[in-house]
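Biologist: I'm new to this structure and would like a close look at a single part of it. Could you pick a good spot, walk me through it, and then show me how it sits in the rest of the chain?

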Amino acid sequence: KGSDKMTMYKDFRKGVKEVLEAGHAGGEQKVEIETRSALDTVIKTDISRKSTDAPLKASLKAENKIMDAHLIEASVDSDGKLSTLLNIKGLYTGLLVSVGGSTVLSVPKKNDQVETKIEYRHAMGTVSTVVACPLNKEGEDARVSTLTTSGSVFHKETGLNLGGEVLANLASKQVTDYSAGVLYKAAAHTLGATIKEAGKAIAANFRYDATTLPVSVAAEFGHAFPKTTVDKETNEEVTVAAKNTYVIGALYRPNNLSSIRARINQDGLVGLAYSETIRTGVTLSLSAQVDAVSLTANKVGLGLKFDA
């Protein structure tokens, strides 16, 4: 029998990602600091870079809850992008309204944007609509308004979740991207399939949680069909060949304080990750990635998390 709880479309891969992605070394260097004041204001500082030769990125974000119904957020990053957001709940059961805006301080007016999101959640389904309206609509840097609609439907008797997302250009009134998926969740396993990138790619995944051992295994298989894109530098059409991908992994939890993960993908990249809570509020993470084919481009990772 399938699960009796709905899963939102954006979370269809959540269970698989926990096994295949969480904790593994990706070459990223990152420091996150989160503090909470007496007035329930949360301040988050994030400093990171994708690789050793990538530029350093930083951001500062503050958020505050008002009457447990409204959330105000403000953030600024090292690129000079300033964003604000107001989440409003309580207008109607299951309804969430968000209004926000952003601007790049170093290039005023060029990248200014206002965004509105309306989301409704129900036990049997959810729907979300986002309208992004750039304020700069003239000249060579003009941008167009977009409409993103996503949703999911849950069939309680079978445990099936159906979901999808559509991105449309409001100026040309054309659909520029879409995706759709199906998810089945039961007590010990999860099965999912997705069509994405406007039908140019498909993927399937599964996760199995052993009932007698603290072990989970997962796998994801994908196929990208041949497609033609435009090179941004040369403005020439480039044909990208079809590609098959896969990643297979396992998660072992010997106790409630530690976990061990392993994975391998179609390129022969083998990943290992270990995480342990060494004391209350302190978690140590170690990870490594080895190219089993060429034995080059190996990576190691170290993480330390403090929760006070």
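Modeller: Let's start at Val19. Leaving out residues up to four places away in sequence, Val19 touches His24, Arg207, Ser216, Ala218, Gly249, Ala250, Leu251 and Arg261. Keep in mind that you're looking at a predicted model.

Two of those partners, Ala218 and Leu251, turn up again in the largest nonpolar core. That core has 6 residues in all: Val16, Val19 itself, Leu20, Ala218, Val247 and Leu251. Where do its residues come from? Helix 1, which covers 14–20, and strand 17 each supply at least two of them. Helix 1 gives the largest share, with 3 residues. The protein chain has 1 helix alongside 21 strands, and you've just met that helix.

Now look at the charged side chains around here. As a general point, side chains of opposite charge can pair when their charged atoms come close. In this model, the side chains of Glu220 and Arg13 meet in a salt bridge, with 2.9 Å from N to O. Glu220 lies in strand 14, while Arg13 is in the segment before helix 1, so this pair ties together parts that are 207 residues apart in sequence. Are the two partners buried or exposed? Glu220 is buried, because its relative accessible area is 13%, under the 20% cut-off. Arg13 has 29% relative accessibility, so Arg13 counts as partly exposed.

Arg207, which you saw among the contacts of Val19, also belongs to a network of salt bridges together with Glu18, Asp209 and Arg253. If you'd like to place these on the strands, strand 13 spans 201–209 and strand 17 spans 243–255.

Next, turn to the surface. Leu191, Phe206, Tyr208, Val217, Phe221, Tyr246, Ile248 and Ile264 make a nonpolar surface patch of about 660 Å². The elements that give two or more residues to this patch are strand 13, strand 14 (215–224) and strand 17. Strand 17 therefore has a part in both pictures, since it supplies at least two residues to the core and two or more to the patch, where the cut-off is over 30% relative accessible area. Ile264 sits in strand 18, residues 258–265. With 35% relative accessibility, Ile264 counts as partly exposed.

How does this part compare with the rest of the chain? Let's hop over to strand 2, residues 41–49, where you'll find Ile47. Its neighbour Asp46 is in strand 2 as well. Asp46 is buried, at 18% relative accessible area, whereas Ile47 is partly exposed, at 37%. Setting aside neighbours within four places in sequence, Asp46 is in contact with Lys30, Val31, Glu32, Lys57, Ala58 and Ser59. Counted in that way, Ile47 is in contact with Gln29, Lys30, Val31, Leu56, Lys57 and Ala58. The C-alpha atoms of Ile47 and Leu60 are 9.0 Å from each other, and the two residues are 13 apart along the chain.

A bit further on, the side chains of Lys61 and Glu73 form a salt bridge, 3.5 Å from N to O. Lys61 is in strand 3 (residues 57–66) and Glu73 in strand 4 (residues 70–77), 12 residues apart. Lys61 is partly exposed with a relative accessible area of 27%, while Glu73, at 17%, counts as buried. Another salt bridge joins Lys117 and Glu119, whose closest N and O atoms are 3.4 Å apart. Lys117 is partly exposed at 24%, and Glu119 is buried at 4% relative accessibility. The structure holds 10 salt bridges.

Finally, step back to the whole chain. Of its 308 residues, 26% count as buried. Among contacts with a separation of 6 or more, 29% are between residues 24 or more positions apart. The accessible surface comes to about 19,700 Å², and carbon and sulfur atoms account for 59% of that.

So where should you put your finger first? I'd go back to Val19, with Ala218 and Leu251 among its contacts, in a core whose largest share comes from helix 1.

Conventions: Residues numbered from 1 in each chain as written. Predicted model: local features only at pLDDT ≥ 70, side-chain atom pairs only at ≥ 80, totals over all residues. Heavy atoms only, no water. Helix = DSSP H or I, 4+ residues; strand = E, 2+ residues; numbered from the N terminus. Buried < 20%, exposed > 50% of the residue type's maximum accessible area, 1.4 Å probe, protein only. Contact = heavy atoms within 4.5 Å. Areas by Shrake-Rupley, 256 points an atom, 1.4 Å probe, with all protein chains shown as cover. Patch = residues over 30% accessible without salt bridge, like charges linked within 9 Å, V, L, I, M, F, W, Y side chains within 5 Å. Salt bridge = Lys/Arg side-chain N within 4 Å of Asp/Glu carboxyl O. Core = buried A, V, L, I, M, F, W, Y, C linked by side-chain atoms within 4.5 Å.
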